[in-house]
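Colleague: I should like to learn how the features of a model such as this one are read. May we take them one at a time?

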Amino acid sequence: MIKRLIQNTVISAFAFGVAALLGLLVIPLIIQTWGVTEFGLIVISRLLLPSGMMAVLDLGLSEVATQVVARAREHRNWTQASRQIAFLGVVSIALALALSAAIWLATPLLVIVMKVDAPHLEAFSRIMHYTALANLIFVPALVWEGIIKGFERYNLLRVAEVTSTAGYVGLTFAAASMATGFEVVAYIYLATLVARAVVIGIAAFVALRYKHVRLLPWTRDIRQDILHRCALLLQGKLLGSISGPLQPFLIGLLFGPKAVGTYDALVRLSRVSKVVVSLLTSALLPVASRLDERGSVGSFQRLGDLGLVMMPMFVVPPLAATAILSPEIMNIWIGSLLAPYAFWMGLSFLVPICAQYVAIGSLIFLTRPEVQARLNKLMAIQLLIWAAVSAATLHLFAERALILGQVVGSIAVLPWQLEELRSALALDRKRFIKVLGTQFAILVLASIFLATIAGYIRFDSVLKLALCSMVFCLITWVLQYFLVLDKRHRTVFPAVGQLMGLTSKSS
């Protein structure tokens, strides 16, 4: 189980690194070829997909399907799993029909509230209609993807992800060279996602067929259990989305498509990093579900402890380096057009940095509804802080006020979230505070040192930025290995080496 988890994490890291890099290459191309306003319209259209703002309404179908299959692999009751999957399938179809109809019918209103100008009106309306139709496939595909995750076949998911992204990037470059309309980019994106969904659907069907899973009528208990889990996930997604995916939509309502394009460019790197890391940790959900089904309390606690300490250790340094070097990155990536706003891009990285400290803990406790409910309450507090700060500074910073609100909310609630996770895992408070405090001190001192160096040295190439970031990360990783990790944590490294065949058991 653990070997498969490590393999899936490595596969996900490589695949999403490639996919994220390819996706980032397209942004300056779109802005330079069609303009910031057109880029903003494309971003708005993608908000209405399950990968965008509509993710808040997907009822956690993928996560629940993952838990259903993972638990079935432990208790071997595939008849029960058949009934659960059948119910999830029906719910996904009903949700797809409702969302698609709502998007289609609301298109005229959306054109008005998003302040779409006359030259773009017809093209944007057509994009919305095709988006509505595509959701008829994308929403049920959430269940298909959850099934594949439950079987821990992440290699298939990541190959499909990279292939569809590569196809989108290649076709977008072709569209730019042929000087087509901006709407073609939106159609290319939808087409590549449909192809990905079909491949995953076929794979899910084959996997279930191998386990002799049939669509059976569900019982009342199954319906209530799944709806309860979906309700908790919906609650968490709704709270998280208001300070996340919903922000571009709000900006469009307040300031129009150009502001959406500006905002998306400023937060794209930090958002990609957050999404990539969250997708990496998604490999943990089937493992946590199986451990919970077994009743392996010690293993579950160790998984959470390692996640709370080692996840920030490895992930936060690259994020911190990118935040500090944001002005140089902005100049190389986008150019001088948005260079004056580079500070806001750096500030936005505080959101994924905070998220790394609770990412694994929040994920594994999807298997414990009572803990999930308490974490949702903390998200509600974070939402209130975000709303207050954003509203108070909106007249000063326009679309950037929403970045400030999210940063303040994330930092303010983080200590409470960590305490909740520590308590749920029954970890020693003093040792936990000492570990995180030492880790925080190392990162702060190293960040100050990097910022000082950046003031004297000009980083005007990708190679220089990469080398500087690499040195920064290596220094912080080495310091944390010796000053933060204890003997329990360090035993993970030789164990991982043995599982991956990199070292022998005798070593």
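Colleague: Is Trp477 to be read as buried, partly exposed or exposed, and what is its relative accessibility?

Modeller: This is a predicted model, and the class follows from a computed accessibility. Buried means under 20% relative accessible area and exposed over 50%, with partly exposed in between. Trp477 has a relative accessibility of 26%, so it counts as partly exposed. Phe314, at 34%, is likewise partly exposed.

Colleague: How is the arrangement of the rings of Phe314 and Trp477 described?

Modeller: One considers the distance between ring centres and the angle between ring planes; planes under 30 degrees apart count as stacked, over 60 as edge-to-face and the rest as tilted. The structure holds eight aromatic pairs. In the pair of Phe314 and Trp477, the centres lie 6.1 Å apart and the planes stand at 50°, so the pair is tilted.

Colleague: Which helices does this pair link?

Modeller: Phe314 belongs to helix 12 (residues 297-324) and Trp477 to helix 20 (residues 462-483). With their positions 163 residues apart in sequence, the pair links distant parts of the chain. Elsewhere, Phe343, Trp344 and Phe397 form one aromatic cluster.

Colleague: Helix 20 also holds Thr476. Is Thr476 buried or exposed?

Modeller: Thr476 has a relative accessible area of 0% and is therefore buried. Its contacts, leaving aside neighbours within four places in sequence, are Pro317, Ile442, Leu443 and Ala446.

Colleague: Turning to helix packing, at what angle do the axes of helix 3 and helix 4 cross?

Modeller: The angle is taken between N-to-C directions. For helix 3 (residues 61-75) and helix 4 (residues 78-113), the axes cross at roughly 170° and come within 9 Å. Angles over 145 degrees count as roughly antiparallel, which means that helix 3 is roughly antiparallel to helix 4.

Colleague: Which residues meet where helix 3 packs against helix 4?

Modeller: From helix 3, the residues are Leu61, Val64, Ala65, Val68, Val69, Ala72 and Arg73. Their partners in helix 4 are Trp78, Ala81, Gln84, Ile85, Leu88, Val91, Ser92 and Leu95. Sorted by class, this contact has 12 nonpolar, two polar and one charged residues.

Colleague: Ile103 is also in helix 4. What does Ile103 touch?

Modeller: Not counting residues up to four places away in sequence, Ile103 touches Leu48, Met128, Ala132 and Asn135. Ile103 and Leu48 are 55 residues apart in sequence, yet their C-alpha atoms are 7.7 Å apart. Ile103 has a relative accessible area of 7% and is buried.

Colleague: How does Phe124 in helix 5 (residues 118-150) sit in the model?

Modeller: Phe124 is buried, with a relative accessible area of 0%. Apart from residues up to four places away in sequence, Phe124 touches Leu41, Ile44, Leu110, Val111 and Val116. The C-alpha atoms of Phe124 and Val111 are separated by 7.8 Å, with their positions 13 residues apart along the chain.

Colleague: Which residues of helix 9 (residues 246-255) are buried?

Modeller: They are Gln247, Pro248, Phe249, Ile251 and Gly252. Just after helix 9, Gly256 takes a positive phi of about 100°.

Colleague: What may be said of the chain as a whole?

Modeller: The chain has 22 helices and zero strands. Of its 507 residues, 55% count as buried. The exposed area is about 22,300 Å², and carbon and sulfur atoms supply 69% of it. Among contacts between residues at least 6 apart in sequence, 84% join residues at least 24 apart.

Methods: Residues numbered from 1 in each chain as written. Predicted model: local features only at pLDDT ≥ 70, side-chain atom pairs only at ≥ 80, totals over all residues. Heavy atoms only, no water. Buried < 20%, exposed > 50% of the residue type's maximum accessible area, 1.4 Å probe, protein only. Helix = DSSP H or I, 4+ residues; strand = E, 2+ residues; numbered from the N terminus. Axes fitted to C-alpha atoms, helices over the stretch in contact; angles between N-to-C directions. Parallel < 35°, antiparallel > 145°, perpendicular 65-115°, else oblique. Contact = heavy atoms within 4.5 Å. Nonpolar A, V, L, I, M, F, W, Y, C, P; charged D, E, K, R; others polar. Areas by Shrake-Rupley, 256 points an atom, 1.4 Å probe, with all protein chains shown as cover. Phe/Tyr/Trp six-rings, centres within 6.5 Å; stacked < 30°, edge-to-face > 60°.
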